[in-house]
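Hi,

Here is the structure I promised to pass on. Have a look at it, and then read on for what I found.

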Amino acid sequence: MSYPDDSSAMLLSVLDGHGADGSAVSSRAMTSIIAVLGGGGAESKRLREDPAAALTAAFEAAQTQLVAAALRKELDANHSGACSLVAYVREQTLWIANAGDCACVLATAQASTTTASDTKAVQSGSRYVARKLSMEHKVDEPNEKTRLEASGAWVRPAVYEANGELSCPARLYRCKGEDSRRLGPGLAISRALGDIDAVSCGLIFTPDVQKHTLQAIPAAADGTPSDAEHDAFLILASDGVWEFLSAQAACDLVAPIYARGGTAAEACKALIEQAQQCWKADDDEYSDDITAIVVFIPALLAALGTGIPLF
């Protein structure tokens, strides 16, 4: 979402619902977050002055709305929830707020290097290196597990096949020995919006907020783009993408499209299709929700009016 009153800022979000009423919870949460951070298309004063606090407050407001909606029986936020990832960009600064297992990945183009082999110089192309800018809140992540167990809950360990492949992820239960999702809550994530029934087990909606300064493409002496290191693109996606694709594999898929001057929409389509193919190869009858946003950073910075040219 762009802000008509400020062309230097933009808001992006990916939400992934789970549970029987996950779609309704996800939709309601998104509406609430946007209302707090950009209702009517205008940024809130708090968002301008303290983005991290404003993003956290937006998640809190969304949870309050979900609790109220559940009490009115408009939707079941007691046993359904939504993993939520929100990115706020102002000029060259990026804030990422995340609760759950959606993830934001940054691809940085490394500077081209020249190496000597015998008497010939060999030019190697830029390599795009992936880095996660958000934390995935799994129940067995050490800090998250400690908090959950401090509430009296039990984190059932992950189960692996004999060949080392994951058979079932670690899950959250009210007490040790429960092994059925019917006994609840049976969640594999430690943070989310909604999931009110799991709050007594230590689940929270508070997001982690990370800050990153985007590194633009520096111009060469003649005014053309140089091949120096720069932040190339962002991928914001639900766990349906990351189930079978690592951060680096996803970036390797997008990088050729970015490098040849393709569009972010084209790259996003390719990424989603690859994720779908991976799910089909694993199980021809089931696929998790696959939601993704791809943002080419040079185009983003140009659109935000930073004065950085769009190459």
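Let me begin with Asp-195, which counts as buried at 2% relative accessibility (buried means under 20% relative accessible area, exposed over 50%, partly exposed in between, with a 1.4 Å probe and protein chains only). Asp-195 sits in the loop between strand S14 (193-194) and strand S15 (208-213); helices (H or I, at least four residues) and strands (E, at least two) are DSSP runs, numbered from the N terminus. The phi of Asp-195 is near 50°, a positive value in a residue other than glycine.

Before going further, some housekeeping. This is a predicted model, in which local features need pLDDT of at least 70 and side-chain atom pairs count only at pLDDT 80 or more, while totals for chains, interfaces and linings use all residues. Residues are numbered from 1 along each chain as its sequence is written, and side-chain values use heavy atoms, with hydrogens and water left out.

Another positive phi, near 60°, turns up at Lys-73, again a residue other than glycine. Lys-73 is placed in the loop between helix H3 (51-71) and strand S3 (81-90). Is Lys-73 buried or exposed? At 75% relative accessibility, Lys-73 counts as exposed.

Now the chain as a whole. It has eight helices and 17 strands, and of its 311 residues, 46% count as buried. The accessible surface comes to about 14,700 Å², with 51% of that belonging to carbon and sulfur atoms (Shrake-Rupley method with a 1.4 Å probe; for residues, only the protein chains shown count as cover). Taking the contacts with a separation of 6 or more, 65% are between residues 24 or more positions apart, where contact means heavy atoms within 4.5 Å.

Some individual residues show what such contacts look like. Cys-104 is in strand S5 (residues 103-109) and is buried, at 0% relative accessible area. Its C-alpha is 7.0 Å from that of Leu-234, although the two are 130 residues apart in sequence. Not counting residues up to four places away in sequence, Cys-104 touches Leu-85, Ile-96, Arg-131, Lys-132, Leu-133, Ser-134, Leu-234, Ile-235 and Leu-236.

Leu-234 also appears among the residues touched by Ile-297, along with Leu-106, Leu-214, Asp-231, Ala-232 and Phe-233, again leaving out residues up to four places away in sequence. Ile-297 is in helix H8 (residues 297-303) and is buried, with a relative accessible area of 0%. The C-alpha atoms of Ile-297 and Ala-216 are separated by 7.6 Å, with their positions 81 residues apart along the chain.

Gln-210, in strand S15, is partly exposed at 40% relative accessible area. Neighbours within four places in sequence aside, Gln-210 is in contact with Leu-94, Trp-95, Ile-96 and Leu-133. From Gln-210 to Leu-94 the C-alpha distance is 8.2 Å, and they are 116 residues apart in sequence.

On to the aromatics: how many aromatic pairs does the structure hold? There are nine aromatic pairs (rings of Phe, Tyr and Trp, its six-membered ring, pair if their centres lie within 6.5 Å; planes under 30 degrees apart count as stacked, over 60 as edge-to-face and the rest as tilted). One of them is Tyr-258 with Phe-296, which is edge-to-face at 5.1 Å centre to centre and 85° between the planes. Tyr-258 lies in helix H6 (residues 247-259) and Phe-296 in strand S17 (residues 292-296), so this pair ties together parts that are 38 residues apart in sequence. Both partners are buried, Tyr-258 at 13% relative accessible area and Phe-296 at 10%. Ring pairs also link Tyr-128, Phe-233, Tyr-258 and Phe-296 into a cluster.

Finally, the largest pocket, which holds about 980 Å³ of space. Of the 33 residues lining the largest pocket, Pro-169, Ala-188, Asp-239, Glu-243 and Asp-288 are the closest to its centre. Two or more lining residues come from each of strand S2 (6-18), helix H1 (22-38), strand S11 (166-168), strand S13 (185-187) and helix H5 (239-242). By class, the lining has 15 nonpolar, seven polar and eleven charged residues (Ala, Val, Leu, Ile, Met, Phe, Trp, Tyr, Cys and Pro count as nonpolar, Asp, Glu, Lys and Arg as charged, and the others, Gly among them, as polar). As for the term, on a 1 Å grid over the protein atoms alone, a cavity is a set of points where a 1.4 Å probe fits but cannot get out, and a pocket is an open set with protein on both sides within 12 Å along at least five of seven lines; lining residues have an atom within 4 Å of a point. Grid points are joined across faces, edges and corners, and the volume is the space filled by probe spheres set on the points.

Cheers
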